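Work through the exercises below with the model open beside you. Try each task before reading its solution.

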Amino acid sequence: MKQLKKHVLSLGLFLLLFLLTFYFIFSKYPVSEFLSSLKNCNPQNIFIAFLCVIFYLLFGSLFLKKIMKSLKSPISFFHSLCYCAIEIYFSAITPSSTGGQPAEIYYMSKSGIPLEKSTIAIFINTILYKLVIVILLLISIIVFPKRILGNGILFNSLMFLGMGLNILAISFFTCLLFSKKLPSKIIKSVVKLLKKAHIIKKEKQEALDRKSETLITEYHSYAFFIKQNRVLLWKLFFIILLQRICLFSVSYFVYRAFGLQEYNYLQIVLFQIAITSAIDSVPSPGGVMIGEGLTFQIHTLIYGSTFALSSMLLLRGISFYFLVLICSFLYLYYHFFGRKKEV
């Protein structure tokens, strides 16, 4: 019941921010202006932009399927797709994307996947996901320093704050994954807390101690296996890189849909990476409001005042809201109909 209330509150906050954002936008700019500009867009490029979002999901599923197979807990492609959708959906509706990974681990454990394996898979995904963002952002600053850094103090502050938070997250999850002491201390602290709060009955405390010790041992053995398997890590990094490029490519095909050619593919994608890093620094669900604001600011430079609003709405609509919509359908289907024992 508590989980349901949290879900409803998170979804309610997300929808409230969504409605406020678009009320503010369309109170200043008529809807007819947006719709008329869409009529002149190239449908082929818009279709490719939607395909990029689909491939983003498919690469995420491929990553999870590959790493779970290496951890001796193979899952079907459809179930890995559902787990990815669950992570994206809950990340979108919770502040600072904090709900995605716990929800994914929860549903994987419900399917019979051992907690230590799902946790390792999520940690590696988070590390590589954020590492790709940091590397690509550094490349964008090196290649186009004047363009990327010439967008005002606020944008630059948010962009570097986002990069700093990603670096901290990479360091934290790397310690959790490969440190011998930190995960053990966390698990033992949780067990002690459960005992003190009398959540666990006395007759079950010994069994919990044994289970936690087994969990710690198995966690370290699988983490060591991943650490030693560098070929696997490089393959996983490459999958995550392709996944991120798919989503960033949406911005280029939206740009080409408006018939514009001044900027090339690399420039548009690198601009989008800078926007993404800036959005990551803001703790609103899915970056709603701030995502639209920052995208509009950069699009004023790229598209000019004529297409800035329409391109921002189209880009956010495809790369974020369409993605969340697909993931919500997959989540609901899996929750009510698709769950079954995987292992």
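Three exercises follow, each with a worked solution. The model is predicted, so local features need pLDDT of at least 70, side-chain atom pairs count only at pLDDT 80 or more, and totals for chains, interfaces and linings use all residues. Residues are numbered from 1 along each chain as its sequence is written, and side-chain values use heavy atoms, with hydrogens and water left out.

**Exercise 1.** State how many helices and strands the protein chain has.

Solution. Helices (H or I, at least four residues) and strands (E, at least two) are DSSP runs, numbered from the N terminus. Count them: the protein chain has 14 helices and 0 strands.

**Exercise 2.** Check the span of H4 and decide whether H4 is enclosed or open.

Solution. Start with the rule: the expected span is 1.5 Å times one less than the number of residues. For the 17 residues of H4 that gives 24 Å. The end C-alpha atoms of H4 lie 25 Å apart, which agrees. Next, apply the burial cut-offs: buried is under 20% relative accessible area, exposed over 50%, partly exposed in between (1.4 Å probe, protein chains only). In H4, 15 of the 17 residues are buried, so H4 is largely enclosed by the rest of the structure.

**Exercise 3.** Place Lys72 and classify it as buried or exposed.

Solution. Locate Lys72 in the loop between H3 and helix H4 (77-93). Read its relative accessible area: 65%, so Lys72 is exposed. Finally, check the backbone: Lys72 has a positive phi of about 65°, although it is not a glycine.
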